[in-house]
Amino acid sequence: MSVKDNSALPQLTEENEEGELSCTLRKPGQDNIHFKVKVVVNPVAGHGSADITVSGNVVPTSQKFSPSSHRTALQGAGSQQQNLNGSLTQDGLCDGHTAEPSADQVRLFLRSHSEFLERFVMEEVELEILERWVIRSTQRAKKRPDATSTGKNARKTSLSRWKFCVHADKRQMLQELTKSLQQKPTEAHVLWELAGCICSAVGAEGYRLYLAEKGDPEMLGLYPGDDERIEKGVTMMEKGSSLTVPVYVARTRQPLRLSRVDLDARFPDGLPNKIEADHALYEPVIQTDGQLAAVVELWRHDPFHEEDEEIASSYLVWGGIALHYAQLYLSMNKQRKLNDFLLAVVKSIFQDMVSMDTLIMKIMNFAQRLVDADRASLFLVDSKNKELYARIFDVGITGDGAGDTRTGGNTSGSEEAIAKVQNSTEIRFPLGKGIAGQVANTGEVLNIVDAYCDPRFNRTIDQLTGYRTKSILCMPIFIRGSIIGVVQMVNKHSGAFMKEDEEAFEMFAVYCGLALHHAKLYDKIARSEQKYCVALEVLSYHNTCSDVEVAHAQEDKIPDAIPGIEDYYFSVFKLDDFQKAHHAIYMFKDLFGLSRFDSDSLIRFTLTVRKNYRRVPYHNWTHGFSVANSMYSVIKHSQNTFKANECLALYIASLCHDLDHRGKNNKFMLDTESPLAAIYSTSTMEHHHFNQTVTILQQKGHNIFSKLTSGEYKQVLSYVKHCILATDLALFFPNKAKLSQIVTENSFSWRNSEHRLLIQAIAMTACDLSASAKPWDIQVKTVKVIFEEFYEQGDAERAAGRTPIPMMDRMQPDQQAASQGDAEKLAGHVPSPLMDRDRKCELGAIQVGFLTGICLPCYRLLYDLIPETKPMLDQCQANLEQWRQIDEEIKRQKEMGNEVDALAFLDKMMETSEKIVEEQEETTDIEDRN
């Protein structure tokens, strides 16, 4: 079929100019049809348009022709086209006859005229029809073999469905949904709001939401929406035993459409009666992890179509994301609240650990708040008697009960409640009896929904009190793998106890266990502290000077001078203990005066120091006084060498440097695992001596430093500690090495505080060993008492099943275990051959090695820096020569085959020495008389 013009179309250029064109329609097998086309030109603003009228044996029509469109459609008459030669062809309806184009021609035309197609669809096609076309198109695309339901294609499908949603106001709808979720981001509320969006999107008249408990399709709970009951955990459950449509959808996890008019064999009862419409749509909600979250039920009077399912699926894509992040938010918020709660628990129970009863009250109050229980009880385990016991229980009862945490859980007002329950009778029952006993026996958690259905529950208390026990959560409290208690919570306010309550309390129980454990330790420590105070009071009474002694010392006036006391060779053996204290007070007064010190405090302090020296052979009050006297001599002969506070610390440290010495060395304390060794791992006895000094100073009326300023007090105590610790021979060797290097390099400076501390330490060692720098008779007497103390330690070691070193073994009096060799080995040094006990030397060699290895280097170093101490060095060298002679004599006796008892030989030497001294004194007296 074709249309051919019979005359050329005239050129029309002027406004309202008309032209006419005659056309003939030819159709095979039919008569030709003649018609005319009238064209009127109407140019507007430089653009032309034409009114085209077709007349003749055709249906009259008109069409405006615009140059902006390179094609002109004749409405109702098909299409027309102007050829290059001016002819116009037309396919269409003429004279009531239909000329239909083929489908291929229409498809080809539409593909090549996309703009025309777009205008036509936008202007002529209704939006509902358009969306239905798009949805059907996407459904067909999904069913193609090459199409996939997951991945990128599926996402594009959902987005396209979302884009062509019926509701143009979906942006506002989502904004409202987002705002609602921000205000209430619970999982159930997310699903509820999502179901509302789907309902609106598909034009449903109503909807219901069934929540799946723990993803179980057999346990669906009807969500009541904004009903406040859901806030309390109340839901109406539909059991899977009676098959319902929501349960079926939850099992199959597939959408389902039902109509009341079209019965489904799977549901012979048809739609549930609660649905007020004739058609329903069910959509399962699946979480990202594949777990069933809920089932959405929609209904309306019009049937649901496949595209409605697609709309719901599109919304569920976004809903799944919202649900996932809501769960994350809830989980994080829940964990944050739990952390805040546990932090409050820790602060409360550890900051105010006054008593076990107070702690128990707090634990029960916190436990109630944690799981929202009405009552709580805490039972402790008595492992010895295999029982559970409690003095405080049933917290939560008002009136005369132990407390009521329902008012807010505030424990500040629980002291009155504690006072009440402390007067109540303690309850006890065997392990394994009742619910709490069962938990204590097995260590397993018991979560009982209905207590009266459990045979282990004892109804007696309910019958007596009139209280109705419904649900019970009973959990053990562990510490170091052992059960120390059981917490029992009763009647959760919002229903039954959940798994979440168990998990939260499991973490809470860890802190409870630690708190209870530390509370027990605290009680033990508190009791021990009281015992310690009592013991300290008793010891203070016996170790503190009496008022009679103080009065006697006050009556015995301190003289202005004591002849010979500042001599380096002053003998302490000619004084008794009280005289030594009297002389010590004099030396203090002579050095420092009494302008900054209280005389009574000085007397009490000195007498108490005397009393706190034990009666051991060597490290006794005599030794302490002797060292103080030697330090007094050093200070007196070297004026202005040490500063005032240094002198004060040196003298007091010398007087107190061996307080409470037990006659045993540090190694013995470590080997016997003495409590002192547990307190002080290094310089054990020296730390104890300083601690005893401080203890005496802290006693009433004994603080001789009370008039010093705070800064002076701290400085003096610091010096005292340094000086006392320096008497440990293990520290002498590194101190000597440092100071010797400084002196050798000629870099010693009295302005250097570190150098001053080193010379203080060397001065303390020199005075501590001053017996080796005393005249020969004093030296010999001192050596004898030193070995007596060594032998007592050896006896103690042998009694403990250990073999003492030869120097401390009275069974081997002629063998060496030199003090220097012991000290050097303990300090990590290699002792000289004469100082090594493994060389089996004899008594003379012991002293020769001791003097040459320790004493002489110490006095030489002291002499280099304080030349006024030369008498100590000279006497030490003289004593060394005496010991060398003794050593030669002992060796000669042994070569002759004579048995030599070193101590007996020493006694003989002492007797000889004493006779010589007596003869010299008699000669002096005779000369004086003459």
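A residue counts as buried under 20% relative accessible area, as exposed over 50%, and as partly exposed in between. By this scale, in the predicted model described here, Arg107 is partly exposed, with a relative accessible area of 40%, whereas Asp104, at 54%, is exposed. These two residues form a salt bridge in which the closest N and O atoms are 3.0 Å apart. Both belong to helix 1, which spans residues 103-112, and they stand three residues apart, about one turn of the helix. In general, an α-helix has 3.6 residues a turn, so residues three or four places apart point the same way.

The protein chain as a whole comprises 930 residues, of which buried residues make up 46%, and its secondary structure consists of 29 helices and 20 strands. Among contacts between residues at least 6 apart in sequence, 61% join residues at least 24 apart. A search of the whole structure finds 27 salt bridges, and the pair within helix 1 is one of several that can be described individually.

A salt bridge between two helices is made by the side chains of Arg610 and Glu549, with an N to O distance of 3.0 Å. Because Arg610 lies in helix 16 (residues 599-611) and Glu549 in helix 14 (residues 547-555), this pair ties together parts of the chain that are 61 residues apart in sequence. The two partners fall into separate classes of accessibility, since Arg610 is buried, with a relative accessible area of 16%, while Glu549 is partly exposed, with a value of 22%.

Another salt bridge joins Arg596 to Glu712, the closest N and O atoms being 3.6 Å apart. Arg596 is placed in the loop between helix 15 (577-592) and helix 16, and Glu712 in helix 22 (residues 710-725), so that the pair ties together parts that are 116 residues apart in sequence. Both partners count as partly exposed, Arg596 at 29% relative accessibility and Glu712 at 25%. Elsewhere in the chain, salt bridges link Glu128, Arg132 and Glu307 in a network.

Helix 22, which holds Glu712, also packs against helix 18. Two packed helices are described in general by the angle between their axes and the distance between the axes. For helix 18 (residues 644-656) and helix 22, the axes come within 8 Å and cross at roughly 45 degrees. The two helices are therefore oblique to each other, and helix 18 passes helix 22 in a right-handed crossing. On the side of helix 18, the contact is made by Asn645, Glu646, Leu648, Ala649, Leu650, Ala653 and Cys656, and on the side of helix 22 by Glu712, Gln715, Val716, Tyr719, Val720, Cys723 and Ile724. The residues of this contact divide into 10 nonpolar, two polar and two charged. Glu712 thus appears both in the contact with helix 18 and in the salt bridge with Arg596.

A further local feature concerns helix 7, which covers residues 245-252 and in which Val245, Pro246, Val247, Val249 and Ala250 are buried. Just after helix 7, Arg253 takes a positive phi of about 60 degrees.

Terms used. Residues numbered from 1 in each chain as written. Predicted model: local features only at pLDDT ≥ 70, side-chain atom pairs only at ≥ 80, totals over all residues. Heavy atoms only, no water. Salt bridge = Lys/Arg side-chain N within 4 Å of Asp/Glu carboxyl O. Helix = DSSP H or I, 4+ residues; strand = E, 2+ residues; numbered from the N terminus. Buried < 20%, exposed > 50% of the residue type's maximum accessible area, 1.4 Å probe, protein only. Axes fitted to C-alpha atoms, helices over the stretch in contact; angles between N-to-C directions. Parallel < 35°, antiparallel > 145°, perpendicular 65-115°, else oblique. Left-handed = near helix turned anticlockwise from the far one by under 90°. Contact = heavy atoms within 4.5 Å. Nonpolar A, V, L, I, M, F, W, Y, C, P; charged D, E, K, R; others polar.
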